[in-house]
Amino acid sequence: MSGYVITPKTVAQVDVTDPGRPRDFHSRLPDYRPSNLVELPTVAAKLGIAEAWVKDESARMGLPSFKVLGASWATYRALEEAAGGTFDGWRSTDELARMVQERTKVRRLSAATDGNHGRAVARMATWLGMTSDIFVPLGTVDARIRAIESEGATVTVVDGSYDQAVARAAEEAGEDCFVISDTSWEGYRDIPGWVIDGYSSIFDEAEEQFAQSGRDYPDAVVVQIGVGALAAAVVRYHRGPGGPGSKILGVEPESAACVLASVRGGEMTSVPGPHPSIIAGLNCDSPSVIAWPHLSTGIDAYVAISDDDARQAMRDLAAEGIVSGETGAAGLAGLTVAASIDEIVETLALDHSSRVLIISTEGATDEAAFATIVGRSASAVAAQ
């Protein structure tokens with residue numbers, strides 16, 4: 001599906017629950033530090049706006065994407081529920097692992113993924129001394145499978161789409177195994193909700209970083225959608241009580257624009273695969289049930305992008321020293337496309353005074369593909 005949609009009715013606020021203490025939790029995980037917030041002057045000049053900023057999620061706790069924030073927090077909260085109370089006083093993941101083993105029967109984690117989420121779940125399992133079983137859709141590139149296996153996971157390729165991998169992972173649920181999914185379905189809402197809450201750390205950091213630099217928070221935010229967990233986090237943070245109220249642009253691949261189709265139709269709609277886009281992290285059949293209320297009312301405009309749009313955005317980010325994979329660069333690709341559509345420009349109030357935040361959600365998860373598209377290796381871009 002190509003094109004764009006302006007949300008028929010957006011709301012100034014959304015009802016959200018307190019996400020709890022995800023950033024305090026994240027700060028105790030190995031190698032935690034706030035991700036870099038980088039200004040993109042060349043991008044801003046190209047788009048005719050005052051400032052463009054990117055939250056660079058290419059190096060989160062030793063992993064090349066933001067996904068560990070949601071996967072770790074959701075696992076932790078699920079384990080607290082299983083234990084019947086909080087885990088107090090731990091200072092390392094080894095200490096936390098001992099508490100989990102003493103107070104729960106959970107010894108294994110399962111997830112479906114196209115790469116980054118599954119690797120994050122596998123990393124959390126390793127930190128907790130558990131095993132992990134990760135299910136990926138047919139067509140997942142070998143580099144992403146090897147990366148998940150490098151975390152100690154068992155990876156199974158499902159003969160089908162991402163949604164079919166989700167269904168297969170769900171079969172593993174049991175007393176000794178938690179399914180840590182970033183999408184939801186009827187009867188399975190708590191864990192995906194905690195995944196969304198975990199992503200709030202990105203924006204807690206960004207708000208602090210802008211304040212420390214003496215800058216106002218941006219008046220527009222661009223977010224990749226997929227099943228909608230990150231996009232729901234953006235809506236919760238920016239449109240919830242006390243939030244900055246920034247305008248929001250959602251971005252999807254043309255061949256997997258399930259949220260765009262859903263908004264057009266006025267109800268949740270599936271876009272069945274296979275999805276051939278190189279923007280693998282967004283190749284999803286259906287929106288998440290728990291994310292849909294936020295996606296359908298809290299985003300101002302949606303735009304679908306082509307693979308070529310993503311490739312050009314990768315090159316534009318690389319020119320500013322940002323290593324960003326196909327999914328990571330989709331946000332900038334969406335903003336670039338949106339800047340050429342008068343109705344979206346008007347809706348987002350994009351002009352020479354606008355300040356926009358983009359999220360580069362991943363680094364070079366397929367380094368060979370990155371080098372082919374950008375014309376330089378990831379290491380060369382990072383070193384410039």
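**Exercise 1. Helix α8**

Task: Find which elements the buried residues of α8 pack against, and decide whether the helix is enclosed or open.

Solution. Step 1: In this predicted model, the buried residues of α8 pack against α1 (22–26), α3, β7 (177–179), α9 (200–212) and α10.

Step 2: List the buried residues themselves. In α8 they are I191, P192, G193, W194, V195, I196, D197 and G198.

Step 3: Set this against the length of the helix. Helix α8 covers residues 190–198, and 8 of its 9 residues are buried, so the rest of the structure largely encloses it.

**Exercise 2. Helix α4**

Task: Name the buried residues of helix α4 and some of the elements that cover them.

Solution. Step 1: Helix α4 spans residues 93–103, and its buried residues are T93, E95, L96, A97, M99 and V100.

Step 2: The cover over these buried residues includes α3 (67–83) and α5.

**Exercise 3. D204 and its contacts**

Task: Decide whether D204 is buried, partly exposed or exposed, and find what it touches away from its sequence neighbours.

Solution. Step 1: Place the residue. D204 belongs to helix α9.

Step 2: Apply the cut-offs. Buried means under 20% relative accessible area and exposed means over 50%. D204 has 28% relative accessibility, so it counts as partly exposed.

Step 3: Leave aside neighbours within four places in sequence; D204 is then in contact with R23 and Y237.

Step 4: Look at each partner. R23 is 181 residues from D204 in sequence, yet their C-alpha atoms are 7.8 Å apart in space. With Y237, the side chain of D204 makes a polar contact of 3.1 Å.

**Exercise 4. S288 in its loop**

Task: Describe where S288 is found and which side chain it joins by a polar contact.

Solution. Step 1: S288 is in the loop between α11 (258–265) and α12 (292–298).

Step 2: Its relative accessible area is 1%, so S288 is buried.

Step 3: Beyond its neighbours within four places in sequence, S288 is in contact with D182, T183, S184, V227 and M268.

Step 4: One of these contacts is also polar: the side chains of S288 and S184 are joined at 2.7 Å.

**Exercise 5. Cysteines**

Task: Explain why C284 does not form a disulfide, and give the count of disulfides in the model.

Solution. Step 1: A disulfide needs two cysteine sulfur atoms within 2.5 Å.

Step 2: The closest cysteine sulfur to that of C284 is in C258, 6.2 Å away, which is too far for a bond.

Step 3: The count of disulfides is 0.

Step 4: Check the surroundings of two cysteines. C284 is buried, at a relative accessible area of 3%, and C177 is buried as well, at 1% relative accessibility.

**Exercise 6. Backbone exceptions**

Task: Find where a cis peptide bond occurs, and compare the settings of M61 and A349.

Solution. Step 1: Recall the usual case. Most residues other than glycine have a negative phi, and most peptide bonds are trans.

Step 2: A cis peptide bond joins G273 and P274, with omega about 5°. P274 is in the loop between α11 and α12.

Step 3: M61 has a positive phi, near 50°. M61 is in the loop between β3 (51–56) and α3, and it is buried at 2% relative accessibility.

Step 4: A349 has a positive phi near 55°. A349 sits in the loop between α15 (342–348) and β11 (355–360), and with 44% relative accessibility it counts as partly exposed.

**Exercise 7. Empty space**

Task: Describe the largest pocket and the two largest cavities, with their linings.

Solution. Step 1: The largest pocket has a volume of about 410 Å³. It is lined by 23 residues, and L138, G139, T140, H275 and N283 are the closest to its centre. The lining comprises 10 nonpolar, 8 polar and 5 charged residues.

Step 2: Turn to the cavities. The whole structure holds 3 cavities of 30 Å³ or more.

Step 3: The largest cavity has a volume of about 220 Å³. Of its 21 lining residues, F66, K67, D182, G281 and L282 lie nearest the centre. The elements giving two or more residues to this lining are α5 (116–127) and α10 (229–239). By class, the lining has 9 nonpolar, 9 polar and 3 charged residues.

Step 4: The second largest cavity has a volume of about 40 Å³. Its lining consists of D114, G115, N116, R144, A280, G281, T327 and E362, which sort into 1 nonpolar, 4 polar and 3 charged residues.

Technical notes: Residues numbered from 1 in each chain as written. Predicted model: local features only at pLDDT ≥ 70, side-chain atom pairs only at ≥ 80, totals over all residues. Heavy atoms only, no water. 1 Å grid on protein atoms, 1.4 Å probe; cavity = no way out; pocket = protein on both sides within 12 Å on 5 of 7 lines; lining within 4 Å. Points joined across faces, edges and corners; volume = space filled by probe spheres on them. Nonpolar A, V, L, I, M, F, W, Y, C, P; charged D, E, K, R; others polar. Helix = DSSP H or I, 4+ residues; strand = E, 2+ residues; numbered from the N terminus. Buried < 20%, exposed > 50% of the residue type's maximum accessible area, 1.4 Å probe, protein only. Polar contact = N/O pair within 3.5 Å; in protein donor to acceptor, adjacent residues only side chain to side chain. Contact = heavy atoms within 4.5 Å.
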